[in-house]
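Open the model in a viewer and keep the selection panel at hand. The stops below say what to select next and what is there.

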Amino acid sequence: MKNTLPISSDKWLIIVNPNAGVKKGVKDWPLISRLLNSAGISHLCVLTEQRNHANQLVGEFIKEGYRKIAVVGGDGTMNEVVNGIYQQKDVSPLEIKLGMIPVGTGNDWCRTFGIPFDYKAAIDILKKEKTFLQDVGKINYFKNQDSIQRYFINIAGMGYDALVAKKTNISKEKGRGGSLTYLFFVFSSLFQYKFIESVIEVDDQLVFKGEMFSMNVGICKYSGGGMMQVPGAIPDDGLFDVTLIKKTSKWMVIRYANKLYDGTMVDLPFISTFRGKAIRIRSVGKIYLEADGESLGHSPFIYEILPQGLKVIVGT
């Protein structure tokens, strides 16, 4: 028998990542808590204690009856919460309302939905509970010999993008992070990276066979602290937007780096774009993966779109 507690159903579960934003989560939580109380938002706060703890907490509290969840953290914490929502079996994911008060280093998911980085303004949006049904991505990938499944709601990156995310995440663990750190690794990692022979299929059609530099599969537009590598992504159209950077001179990447921020990179001759519901990627050697900024495993990959699979609180 499902255990649902009516007393919890209208109360917000606030999941706080104390390490988000290079410790901003723990430093700013007292202020955020006061603002929540001032706004009259009834809530229970739970702090995460280690990686993937948010995933576990979500399942436990949904079982107790919570149906409103807000993240005080960044894109990675949001990713853990989404995976918790989808991995629990007590209720449909669409019974959950999911919001965010951003304190992370990139906060890229928020940019698509007009959620401001000002805490009071973000809490005002949370209180209004304006919802939007957005698509969810599901990835099957490998970690050594183990096949693993993970969900994401913003962007997944492979190849060079995953290398930069991994280095940025290591830097954050050492207390250094932010968009400038990400940009530093975009350039500093270029000459140690090797192109990877890959085969890419979109909706069962072969779209690429050759050496790949980097690739993004997007539901929303922004990554890397405001970059637009999938500028045409629409979060509720039931399709992935794919941007592929093929083998090119690494000096060309440096020359056109500014185009990462205005979306015009997709017009360059060494870049191809695709759109579809299902993606398969195989490679000679391992292509590494990140999703919503979280460093994961490696190829082969299978992507599947779950149309309008998550109810999120939005500002626009």
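## Stop 1: A278 and K138

Select A278, which is partly exposed at a relative accessible area of 35%. The model is a predicted one. A278 belongs to strand β14, residues 278-284. Show its surroundings, leaving out neighbours within four places in sequence: A278 is in contact with E201, V202, D203 and Y303.

Now add K138 to the selection. The C-alpha atoms of A278 and K138 are 9.7 Å apart, although the two positions lie 140 residues apart along the chain. K138 sits in strand β5, residues 131-143. Is K138 buried or exposed? Its relative accessibility is 15%, so K138 counts as buried; the cut-off for buried is under 20%. Apart from neighbours within four places in sequence, K138 is in contact with Q149, R150, Y151, F152, I302, Y303 and E304. Y303 is in the contact list of A278 and in that of K138.

## Stop 2: the loop after β5

Move on to N144, in the loop between β5 and β6 (146-152). N144 is exposed, with a relative accessible area of 54%. Check the backbone here: phi of N144 is near 60 degrees, a positive value in a residue other than glycine. Most residues other than glycine have a negative phi.

## Stop 3: around β16

Select D292, in the loop between β15 (288-291) and β16. D292 is not a glycine, yet its phi is positive, at about 55 degrees. With 6% relative accessibility, D292 counts as buried, whereas N144 is exposed.

Continue to P300, in strand β16. What is the form of the peptide bond from S299 to P300? The bond is cis, with omega near 5 degrees. Most peptide bonds are trans.

## Stop 4: S214 and S223

Select S214, in strand β9 (residues 205-218). S214 is buried, with a relative accessible area of 4%. Not counting residues up to four places away in sequence, S214 touches M158, Y160, D161, T243, L244 and I245. Add G157 as a distance check: C-alpha to C-alpha, S214 and G157 are 7.5 Å apart in space, with a separation of 57 residues in sequence.

Next take S223, in strand β10 (residues 222-223). S223 also counts as buried, at 8% relative accessibility. Beyond residues up to four places away in sequence, S223 touches D108, I155 and Q229. A second distance to draw runs from S223 to R111: their C-alpha atoms are separated by 9.4 Å, and the two residues are 112 apart along the chain.

## Stop 5: helices α2 and α6

Two packed helices are described by the angle between their axes and the distance between the axes. Show α2 (residues 20-38) and α6 (residues 119-128), which pack at an angle of about 55 degrees with their axes 10 Å apart. The two helices are therefore oblique to each other, and their crossing is right-handed. On the α2 side, the contact is made by K24, D28, L31, I32, L35 and L36; α6 contributes Y119, K120, I123 and L126. By class, the residues of this contact divide into seven nonpolar, no polar and three charged.

Keep α6 and hide α2. The buried residues of α6 are Y119, A122, I123, I125 and L126. Viewed down the axis of α6, these buried residues fall within an arc of 155 degrees, so they line one face of the helix. What do the buried residues of α6 pack against? Bring back α2 and add the strands β1 (12-16), β3 (68-73), β4 (97-102) and β16 (294-313): the buried residues of α6 pack against these elements.

## Stop 6: helices α3 and α4

Last, select α3 (residues 53-63) and α4 (residues 75-87). Their axes come within 7 Å and cross at roughly 40 degrees. That angle makes α3 oblique to α4, and the crossing is right-handed. Show side chains at the contact: H53, A54, N55, V58 and I62 in α3 meet T77, E80, V81, N83, G84, I85 and Q87 in α4. This contact has five nonpolar, six polar and one charged residues, while that of α2 with α6 has no polar ones.

How values were computed:
Residues numbered from 1 in each chain as written. Predicted model: local features only at pLDDT ≥ 70, side-chain atom pairs only at ≥ 80, totals over all residues. Heavy atoms only, no water. Axes fitted to C-alpha atoms, helices over the stretch in contact; angles between N-to-C directions. Helix = DSSP H or I, 4+ residues; strand = E, 2+ residues; numbered from the N terminus. Parallel < 35°, antiparallel > 145°, perpendicular 65-115°, else oblique. Left-handed = near helix turned anticlockwise from the far one by under 90°. Contact = heavy atoms within 4.5 Å. Nonpolar A, V, L, I, M, F, W, Y, C, P; charged D, E, K, R; others polar. Buried < 20%, exposed > 50% of the residue type's maximum accessible area, 1.4 Å probe, protein only. Arc of directions from axis to C-beta.
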